[in-house]
Amino acid sequence: MTDQTHDADAEEDLADLFENAPCGYVSAEPGGRITKVNQTLAVWLGWRQEELVGRRFQDLLNIAGKIYFETHFAPLLRMQGFFNEVALDLVAREGTRFPVLVNAVERRDEDGHVRFLRITVFNASDRRRYERELLDARRAAEQATAELRELNQTLEARVAEAVEQRMQAEEALRQAQKMEAIGQLTGGVAHDFNNLLTVIMGGLETISRQANELPQGSATGRIQRSAAMAAHAADRAATLTARLLAFSRRQPLDPKPIDPGRLVTGLADMLQRTLGETVALQTVIGAGLWRTLADPAELENALVNLAVNARDAMPDGGRLTIETSNAYLDDAYVASIAEPVAAGQYVLIAVSDTGSGMDADTLAQVFEPFFTTKEVGKGTGLGLSQVYGFVRQSGGHVRIYSEVGEGTTVKIYLPRLAGAATAAEFEVRAPTVADVRGDETVLVVEDHEDLRAYSVSVLAEAGYRVLEANSGPEALALLERGSRVDLLFTDVVLPDGMDGRRLANEAARRNPRLKVLYTTGYTRNAIVHNGRLDPGVQLITKPFTSAELTAKVRQVLDD
Ligand SMILES: Nc1ncnc2c1ncn2[C@@H]1O[C@H](COP(=O)(O)OP(=O)(O)OP(=O)(O)O)[C@@H](O)[C@H]1O
Ligand SMILES: [Mg+2]
């Protein structure tokens, strides 16, 4: 190998290195005009090398780059003689962007004049991509953090909301349990009280009857008046206990198919009289109304209670509207209320007034017996209790909407009567009061001694042969001994594990022609399905007068 070939090889190596270096090389005049460019850069940009020679380097930049170059980098280069790693975008032949990092340095002669510029260009596509990816990653991370923060915040709100809902549900449950407990208490008290009242009323009747037979004078007059006064008070007490029983859902109901529209229309005159002249009554009867099965007397009672409440809430007059329509309680609605109510079809009777309305505290307590905001003597606080008890006992639902100063709407939902039950099935037989005496044998079964004695004496006085027993087993023993009995008159609730219905069943097996009359302060499941009278069962409710008892006994015997 000669020196010359050695030199030539070295030169070629150098040229190769220059042309194919992993970066672009540009030599340019001090003004930027390109005098030499390597192949690497020419390939990147899609030009041939000789096409680039003669152009200015800054002309290869995009517009923003050109401006930056003139305003920043060219002055920088003139001031300090170089710049490094400036990120710029070149424009390739196709017009596409080609990101680069540019170093530039001035080469000067001995006099300090700039001879030429050496520009080195690095491909920054990858680096830009990393940067972009990095930026994207950072943005994503920031967004995730933000979402997390928001989630935390809404989580707090959601937890608070769930707790609130839970508390509301518990409150509703407490309210329902309270109503249930009060119901049982009042029911129990009213039941016992009824027994006592029966005895009291019976005693008073006897007193006034006996006084009638005495020679009349001022003393007998006083006795008569006192007895009448006491009987009047006992009557009022009986009404009170009836309302208590209504609340406790233990009053015997006598349900019949009802056309609610007709019932309301029929009641309108009476209600208008109750309301007085300053309150206008309006009835709106929906078309194609369904029927319901309920005790019409109790329903009327409920509507009167509502009308009286409305009147009291409108001392300066106003308007009372009673609307009837078909309604549907859906699953979502029944799930939202505390008491168990079946979803389905109902008949709605809505009673609205334009009165004072109620605040939330009052509203929470209105159904409780004896809750009243009226002055002593004005209200007993039993009106809405009756409404509530009656509606619940009838399988319905009652809801009150009220706004202070605006008025109140009470909505009564009674279950739609399905199928065509004939009215006759529920027809009550009118008592034949004409002749209430008889000579048949009646077995009186009652554990309450005073009450039993009262019934026995009333029936004996009316001519009947009377046997008595204080429990089911005792009554059966009497029947076993072969005593002839035409009518079994029994309390529904009896001690010694045999209630009135079981006693009646046992007795009927021994004597299929035996007639049965039940008595009760309230109705129990033994005799009543779902708090309603079994069709066909004969029942007299305590307290009863001697006239009522003898009339009923006669009627059952004559059936
Ligand atoms: N329509 C109404 N507008 C405003 N408040 C009412 C209305 N209905 C009931 N209330 C309020 O509810 C309370 C309880 O009513 P509820 O009918 O049970 O008893 P009362 O009317 O006070 O007494 P009672 O009906 O036994 O004579 C009332 O005292 C009253 O404060
Ligand atoms: Mg009332």
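**Notebook: ligand shell, a strand trio and a helix pair**

I started with the shell around ligand 1 and asked which helices feed it: helix H8 (296-313) and helix H11 (383-393) each give at least two residues. This is a predicted model, so I keep that in mind throughout.

Next I checked who gives the largest share of that shell. It is H8, with four residues. I counted up the surroundings too: 23 residues sit around ligand 1, and the closest are Asn309, Ala313, Thr372, Gly379 and Gly383. I then sorted the shell by class and got 14 polar, seven nonpolar and two charged residues.

Then I moved to the strands. I looked up what S9 (residues 318-329) pairs with, and found strand S7 (residues 279-285) running parallel to S9 over seven bridges. For a register check I picked Gln282, whose bridge partner in S9 is Thr321. S9 also pairs with strand S10 (residues 344-353), this time antiparallel, through ten bridges. My register check here was Glu323, which has Ala350 of S10 as its bridge partner.

Last entry: the helix pair H13 (residues 472-480) and H14 (residues 500-510). How do they pack? I read an angle of about 10 degrees, with the axes 10 Å apart. Angles under 35 degrees count as roughly parallel, so I logged H13 as roughly parallel to H14. I listed the contact residues next: H13 puts in Gly472, Ala475, Leu476 and Leu479, while H14 answers with Arg502, Leu503, Glu506, Ala507 and Arg510. By class, I noted five nonpolar, three charged and one polar residue in this contact of H13 with H14.

Note on methods:
Residues are numbered from 1 along each chain as its sequence is written. Chains are lettered from A and ligands numbered from 1 in the order in which they are written. This is a predicted model: local features need pLDDT of at least 70, side-chain atom pairs count only at pLDDT 80 or more; totals for chains, interfaces and linings use all residues. Two strands pair if DSSP finds at least two bridges between them. Axes are lines fitted to C-alpha atoms, for helices over the stretch in contact, and angles run from 0 to 180 degrees between N-to-C directions. Angles under 35 degrees count as roughly parallel, over 145 as roughly antiparallel, 65 to 115 as roughly perpendicular and the rest as oblique. Two residues are in contact if their C-beta atoms, placed from the backbone, lie within 7 Å. Ala, Val, Leu, Ile, Met, Phe, Trp, Tyr, Cys and Pro count as nonpolar, Asp, Glu, Lys and Arg as charged, and the others, Gly among them, as polar. A residue is near a molecule or strand if its C-beta atom, placed from the backbone, lies within 6 Å of it.
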